[in-house]
Amino acid sequence: MKNSRRLLIFLCFLAVISSVAFYSLDSRLTTLIDQLDRYTNKNPQEKIHLHFDKPYYSIGDDIWFKAYVVNAEENKLSLLSKLLYVDLIDERDSIRSFVLPIDNGLASGNISLIDSLFAPGTYEVKAYTRWMKNFDPDYFFTTTIIIGDALNGTLDGNASFRLQPNEKHTLLTASILYKTLEGKPEASKEVTYNIDYQNKNLADGKAKTDEDGKVEIVYALKKEYDPQEVTINTILVRNESMHIPRNFKIESYKDNIDLKFFPEGGDLIAGLRSKVAFKAIGSDGLGVDLKGYIEDRHKKKVAEITSEHNGMGLFALIPSIDNTYTAVINLKNGLEKRFPLPKAMDHGYVMSLNHLDEENLLLKIE
């Protein structure tokens, strides 16, 4: 009988301890959620979408557009920002900026393509608010538009580049595809070109497009030359009276990827294992598949990285507070690019989510 009473008291004691433990865990989780809610309310994120009146334009046209500025969390029109910044960036990275008032999350405007200020080509449009510059630029609106020349002909030109370094030089191969704005190949057309490095002419030449509207230009760059400073200036001869210029800069294209890191839970925390997602994007806005590794400041490899789909993937890392980490990526053209990871914080939370099976998830907070 005494043993039964002792067992009953012991079980009651365990129940009390368990309830206190669960209450403590639930209280901490509630506190964390409240903190996350307060952070979101204090630091609201905005997103922008621009709607254009046409898919492409000519010199002398007006680019008419309407902008929608929304709260990223609820996708409702944002009342936070009052000014919208729109950048128009040409193939030489020259930027023209415009500022528009925002009224209850909406803005509209136009850009006059005055022939003395604009040249035909492919332009990048970037839109953002001043508040958005406090956060990741991934939320900026970006797109590309084609500006042609109605008087001297409209032309869509796209280039891809291959760089093959060796002991003496870097062999540059530029593959340029010319089409009309309706998508018809500019077949059997003469193309004259010059290769420019930091406003210094390196070479001149002529080529002829094949049946697909494609030409290849090959040049051996000096080893000390930075390929990203090279521009290929071309003129396609459509007929005797129509010579259409198009310029292509290597840094504008897909081999120059942008690699972003997204630690699960938001930050890398020293001493805690984190899963880190990543996404590699080319300047055309499409995902770029890659392979590489993560190294610390002592050049020690600490993780392998491989994209799984459309430039996206993940890896695991246990960072330390007194170390730094870099992603080393080998591009298809044989060149190597390096991207620093975010620095680890000395305190904070790591949240991870794992699929146990089809019906169950495991949420872990450290």
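These exercises, each with a worked solution, explore a predicted model of a protein chain.

**Exercise 1. Get an overview of the chain: how many helices and strands are there, and what share of the residues counts as buried?**

Start with the secondary structure, which comes to 1 helix and 24 strands. Next, turn to burial: 37% of the 366 residues count as buried. Then look at the outside, where the chain exposes about 22100 Å², with carbon and sulfur atoms supplying 53% of that area. Finish with the contacts: among those with a separation of 6 or more, 58% join residues 24 or more positions apart.

**Exercise 2. Find the residues of the largest nonpolar core that touch the most other members, and say which elements give two or more residues to this core.**

Step one is the membership. The core holds 28 residues, and the ones touching the most other members are Ile-48, Leu-50, Phe-52, Ile-63, Phe-65 and Leu-84. Step two is to map the core onto the secondary structure: two or more residues come from each of strand 1 (46-52), strand 3 (62-71), strand 4 (83-89), strand 6 (106-112), strand 7 (121-128) and strand 8 (141-148).

Step three is to look beyond this core. A second, separate core has 26 residues, including Ala-159, Ile-176, Val-191 and Tyr-225.

Now return to Ile-48 and leave aside its neighbours within four places in sequence. Its contacts then include Tyr-68, Val-69 and Leu-84, along with Ala-127, Tyr-128 and Thr-129. Met-132, Tyr-139 and Phe-141 complete the set.

**Exercise 3. Locate the nonpolar patch on the surface and decide which strand gives the most to it.**

First, collect the members: Tyr-349, Met-351, Leu-353, Leu-361, Leu-363 and Ile-365. Together they have about 540 Å² of accessible area. Second, assign elements. Strand 23 (351-355) and strand 24 (361-365) are the elements that give two or more residues to the patch. Third, compare contributions: strand 24 gives the most, with 3 residues. Leu-361 is found in that strand.

**Exercise 4. Pick out three salt bridges and describe where each partner sits and whether it is buried or partly exposed.**

A little background helps: side chains of opposite charge can pair when their charged atoms come close. The whole structure has 6 salt bridges; here are three to work through.

*Arg-238 and Glu-186.* The side chains meet at 2.3 Å, N to O. This pair links distant parts of the chain, 52 residues apart: Arg-238 belongs to strand 14 (residues 230-239), and Glu-186 lies in the loop between strand 10 (169-179) and strand 11 (190-197). Glu-186 is buried because its relative accessible area, 3%, is under 20%. Arg-238, with 22%, is partly exposed. Look a little further and you will find a network of salt bridges linking Glu-186, Lys-189 and Arg-238.

*Glu-264 and Lys-275.* Here the N to O distance is 3.9 Å. Glu-264 is in the loop between strand 16 (258-263) and strand 17 (274-281), while Lys-275 is in strand 17, 11 residues apart. Glu-264 has a relative accessible area of 23%, so it is partly exposed. Lys-275 also counts as partly exposed, at 23% relative accessibility.

*Glu-295 and Arg-338.* The closest N and O atoms are 2.1 Å apart. Glu-295 sits in strand 18 (residues 291-296) and Arg-338 in strand 22 (residues 336-340), 43 residues apart. Glu-295 is buried, with a relative accessible area of 5%, whereas Arg-338 is partly exposed, with 38%.

**Exercise 5. Describe the surroundings of Asn-323: is this residue buried or exposed, and which backbone atom does its side chain reach?**

Begin with position: Asn-323 is in the loop between strand 20 (312-317) and strand 21 (325-330). Then check accessibility. At 9% relative accessible area, Asn-323 is buried. Its side chain reaches the backbone nitrogen of Arg-297 at 3.2 Å. Not counting residues up to four places away in sequence, Asn-323 touches Asp-296, Arg-297, His-298 and Lys-343.

**Exercise 6. Where in the chain are Gln-198 and Asn-310, and what is the sign of phi in each?**

Recall that most residues other than glycine have a negative phi. Now take Gln-198, where phi is near 50°, a positive value. Gln-198 lies in the loop between strand 11 and strand 12 (200-208). Asn-310 has a positive phi of about 50° and is placed in the loop between strand 19 (301-306) and strand 20. As a last step, note that Asn-310 counts as partly exposed, at 42% relative accessibility.

Methods: Residues are numbered from 1 along each chain as its sequence is written. This is a predicted model: local features need pLDDT of at least 70, side-chain atom pairs count only at pLDDT 80 or more; totals for chains, interfaces and linings use all residues. Side-chain values use heavy atoms; hydrogens and water are left out. A nonpolar core is a set of buried Ala, Val, Leu, Ile, Met, Phe, Trp, Tyr and Cys residues joined through side-chain atoms within 4.5 Å. Buried means under 20% relative accessible area, exposed over 50%, partly exposed in between (1.4 Å probe, protein chains only). Helices (H or I, at least four residues) and strands (E, at least two) are DSSP runs, numbered from the N terminus. Contact means heavy atoms within 4.5 Å. Patches are made of residues with over 30% relative accessible area and no salt bridge: like charges are joined within 9 Å, nonpolar side chains (Val, Leu, Ile, Met, Phe, Trp, Tyr) within 5 Å. Accessible areas come from the Shrake-Rupley method with a 1.4 Å probe; for residues, only the protein chains shown count as cover. A salt bridge is a side-chain nitrogen of Lys or Arg within 4 Å of a carboxyl oxygen of Asp or Glu. A polar contact is a pair of N or O atoms within 3.5 Å; within protein, one must be able to donate a hydrogen and the other to accept it, and residues adjacent in sequence count only if both atoms are side-chain atoms.
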